[in-house]
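Work through the exercises below with the sequence and the model side by side. Try each task before reading its solution.

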Amino acid sequence: MRYSGLRSLAAAAGLFTTAVNQAGNCSSAIIPHPSIPDGQVLGLTATSVSNYETDNSALNFCNVTVTYTHPGKNDAIHGAGGGGYAMRPADSGLAAVVAQNYTVLATDGESWSLDASSNITTSFYGRGPRCSYWNVCSTDGRQGLMLAQRYPTAFDGIMAAAPEINWPSFLVGEIWPQFVMNQLGAFPPGCVTDAITAATMKACDDIDGVVDGVISMPDLCSFGPLTLVGPMVDCNGTNVHITRGNASSEGSFLWYGLNKGTPLSTDCQTGSVGLCYGIQRSISLRWNHRALDEIFRRSKAESNHLIGTDDPDLSAFKQAGGKMITYHGLADELIFSEGTEQYYKQVEAQDPSVRDFYRYFEAPGVLHCQGGMGPVPTDLLSAVVDWVENGIVSETIDARTADGRRRRLCPYPLVSMYKGGDERDAESYRCEDAFP
């Protein structure tokens, strides 16, 4: 929390982490128990933490933990994992933001914690937060969208990265490849899927004017994998034919798949050939694959009102003065980025001035939330804060690759095009319309 103007940051429970060491205030005796609708507080502890090590510093802060229960449910809640079905991110992620002098809240996902966080902050500092922000990825990115849609006044600024917006759709889509392989009884070796990825990259890497191992505009990549049917592939000394499987009899679109250039062999077995049996993601329910198309329809019909966050009406969030930034890696191997693109288009269809309060950035070559060959955003939270507090709109987002190359991510639908000069320097690129 910054003394120039108190801020709080929700990460996604009952754990409240308050930045800045004020040892005299770090006591459960002066912090009142929060009121929890339909819940009962079992206990509140306040512990002064010294020299908590993060990547760049040693932190001193007050850690406040509220443990509560829902009477009759026999539960005790004070923390959770992170990603997937869990609400709470890792401690390392929370600590990184505490290091920036924010009061940080991690919650089990229940709205009571928003008011409780303000009360605890006020008890600790003698005044409440001036602005509140949401800053997380994946499941928590989906929660950020849900907050903007259903609780538009809860946060001043939201950074929702790689959001699982269309949960009932992509969840079924994730097990579709395994379903197809199980039906065909054919499981391609990793060397075959690697060959397809390599050929796609060779055909489409240079669309943005530079060959850097990243496909910046997968929608403009016209490479067809069927052109590889027939040739032999060397799989650790074993020659394997690339063959074509059976085509769908119906061929209708249900949901998006992976973008061209996304790694396809991340979960293959090892060995001389290395067969890929498909990825059964932990968040994918183990359904009867024989009825997958029907399950897709039922998933949307029965679950979207509970966990889907695809309501494009953000008018209340806009009216409340909220600002939001979303980014999604175009090589995301887990959450299909085209679902996020579709949602942004739907929001724009309802409000053509969407960029006045909500901006979307695509990150070519970036995997789920981070990693990959592409440039990852370096500090999106600061961009949201500048927009909320100073009225400074980020026309581009600074990003960096693992090997130090710098690029600027462009606001959708613009893309970054190489214009000459040092290929590793962001100044050598310009944002342009991919479909002039």
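**Exercise 1: a loop residue**

V393 lies in the loop that links α9 (380–390) and β13. This is a predicted model, where local features need pLDDT of at least 70, side-chain atom pairs count only at pLDDT 80 or more, and totals for chains, interfaces and linings use all residues. Residues are numbered from 1 along each chain as its sequence is written, and side-chain values use heavy atoms, with hydrogens and water left out.

Task: Determine how accessible V393 is and which residues V393 touches.

Solution.
- Step 1. The relative accessible area of V393 is 30%. Buried means under 20%, exposed over 50%, and partly exposed in between, with a 1.4 Å probe and protein chains only. V393 is therefore partly exposed.
- Step 2. Leave out residues up to four places away in sequence; V393 then touches R359 and W387. Contact here means heavy atoms within 4.5 Å.
- Step 3. Look at K323 too. V393 and K323 are 70 residues apart in sequence, and their C-alpha atoms are 9.8 Å apart.

**Exercise 2: a three-stranded sheet**

Task: Give the strand order, then find which strands stand at the edges.

Solution.
- Step 1. Strands are DSSP runs of E with at least two residues, and helices are runs of H or I with at least four, numbered from the N terminus. Two strands pair if DSSP finds at least two bridges between them.
- Step 2. β12 and β13 (residues 397–400) run antiparallel and are joined by two bridges. V376 has R400 of β13 as its bridge partner.
- Step 3. β13 and β14 are also antiparallel, with four bridges. R400 is partnered by R406 in β14.
- Step 4. The order is β12-β13-β14, in an open sheet. β12 (376–377) and β14 (406–409) each have a single partner strand, so they stand at the edges, with one side of each lacking a neighbour in the sheet.
- Step 5. Check the hairpin of β13 and β14. Five residues separate the strands, and G404 takes a positive phi near 95°.

**Exercise 3: the two faces of β14**

Task: Sort the side chains of β14 by face.

Solution.
- Step 1. In a regular strand, side chains alternate between the two faces of the sheet.
- Step 2. R407 and L409 point to one face and are buried.
- Step 3. R406 and R408 point to the other face and are not buried.
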